[in-house]
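I'm opening my notebook on this one and writing down things as I look them up. Here is what I'm working from.

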Amino acid sequence: MSQETEMQAYREGLDDLAGHYRKVLTLLGEDPEREGLQKTPMRVAKAMQVLTRGYRMDAHKVLTDALFKEDYSQMVIVKDIDFFSLCEHHMLPFYGKAHVAYIPNGYITGLSKIARVVDIYSHRLQVQERMTQQIKDCIQETLKPLGVMVVIEARHMCMQMRGIEKQNAITTTSDFSGAFNQAKTRQEFMNLIHNHQT
């Protein structure tokens, strides 16, 4: 990738962002002129723009770009979608797997598009609870299916590295709509996403 092409991949404000990280290094007691740190402010600025690229992406459009009329009305599940995000409270990573199901109501979308929706919302400053709801709402509002359910299982570095320092804690969140308000339907989904572990 040429330098010009690489710069086009980043958003406006990259130089300003790098300048702020240079100041942060100084405030932490480091010397940003030290050999190992001279390029760090720009590296971090670029990394942060990549990690927050979801702000300039439209998750609804991703789904409608691959919308197909289909009479299938059984559960469609995309499970074990790996994701990485940044906690908005400490800007430390949380990561794990998302499991998404929907029951079509005349239309389906490309399976990879479900994973893209997860990618878009995870590439923002987030809390796991909101991200779970945003994914569910996006699919419900765009596809208008008979129901949607999202389950996210994640490890939070803010719990592992600081504060309570519990390395093995996993946080699980869920949100659902429509047909998934029925306990039987929710249980079927949960059985299907975890049957590989039994």
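**Entry 1: the hairpin**

I started with the hairpin of β2 and β3, where five residues sit between the strands and M91 takes a positive phi near 55°. This is a predicted model, so I'm keeping that in mind throughout. M91 belongs to the loop between β2 and β3, and M91 isn't a glycine, even though its phi is positive. Is M91 buried or exposed, or partly exposed? I looked it up: M91 has 42% relative accessibility, so it counts as partly exposed, because that class runs between 20% and 50%.

The two strands of this hairpin run antiparallel, with nine bridges joining β2 to β3. I picked out one pair: I81 has A98 in β3 as its bridge partner.

K144 gave me another positive phi, near 50°, again in a residue other than glycine. K144 is in the loop between α6 and β6. With a relative accessible area of 56%, K144 is exposed, because the cut-off for that is over 50%.

**Entry 2: the sheet**

Next I wanted the strand order. The sheet is open, has five strands and reads β5-β2-β3-β6-β7, with mixed pairing. Which strands stand at the edges? They are β5 (125-126) and β7 (171-178); each has a single partner strand, so one side of each has no neighbour in the sheet.

β5 pairs with β2 in the parallel sense, over two bridges. I noted that L86 has L125 in β5 as its bridge partner.

I also checked what lies over the sheet. Helix α8 lies across β2, β3, β6 and β7, and runs at about 45° to β6.

**Entry 3: the cores**

A reminder to myself: in soluble globular proteins, nonpolar side chains tend to be buried together. The largest nonpolar core here has 28 residues, and F83, V100, I114, I135, I139 and I152 touch the most other members. Which elements each supply at least two residues of this core? My list reads α4 (59-64), β2 (76-87), β3 (93-103), α5 (111-122), α6 (128-143) and β6 (147-156). Apart from this core lies another one, of nine residues, with M75, M149, F180 and F189 among them.

I then zoomed in on I114. Leaving out neighbours within four places in sequence, I114 is in contact with L63, V78, I81, V100, Y102, T109 and I139. I81 had already come up as the bridge partner of A98.

**Entry 4: two buried threonines**

T185 lies in helix α8, which covers residues 183-194. T185 comes out at 13% relative accessibility, so I wrote it down as buried, because buried means under 20%. What does T185 touch beyond four places in sequence? I found M75, I103, A179 and F180. Two of those names, M75 and F180, were on my list for the nine-residue core.

T52 is in the loop between α3 (40-51) and α4. T52 is buried too, with a relative accessible area of 8%. Its side chain reaches the backbone oxygen of M48, at 2.7 Å. Not counting residues up to four places away in sequence, T52 touches R11, H123, R124 and L125. L125 is the residue I'd met as the bridge partner of L86.

**Entry 5: helix α3 and the loop before it**

I tried a length check on α3. Its 12 residues, at 1.5 Å a residue, should span 16 Å, and its end C-alpha atoms are 16 Å apart, so the two agree. Which residues of α3 are buried? They are T40, P41, A45, K46, M48 and Q49. M48 is also where the T52 side chain reaches a backbone oxygen.

Last stop was E33, in the loop between α2 (14-27) and α3. E33 has a relative accessible area of 45%, so I marked it as partly exposed. Skipping residues up to four places away in sequence, E33 touches R22 and Q38. How far apart are E33 and R22 in space, C-alpha to C-alpha? I got 9.3 Å, with their positions 11 residues apart in sequence as the separation.

Key: Residues numbered from 1 in each chain as written. Predicted model: local features only at pLDDT ≥ 70, side-chain atom pairs only at ≥ 80, totals over all residues. Heavy atoms only, no water. Core = buried A, V, L, I, M, F, W, Y, C linked by side-chain atoms within 4.5 Å. Buried < 20%, exposed > 50% of the residue type's maximum accessible area, 1.4 Å probe, protein only. Helix = DSSP H or I, 4+ residues; strand = E, 2+ residues; numbered from the N terminus. Contact = heavy atoms within 4.5 Å. Polar contact = N/O pair within 3.5 Å; in protein donor to acceptor, adjacent residues only side chain to side chain. Expected span 1.5 Å × (residues − 1). Pairing = 2+ DSSP bridges. Axes fitted to C-alpha atoms, helices over the stretch in contact; angles between N-to-C directions.
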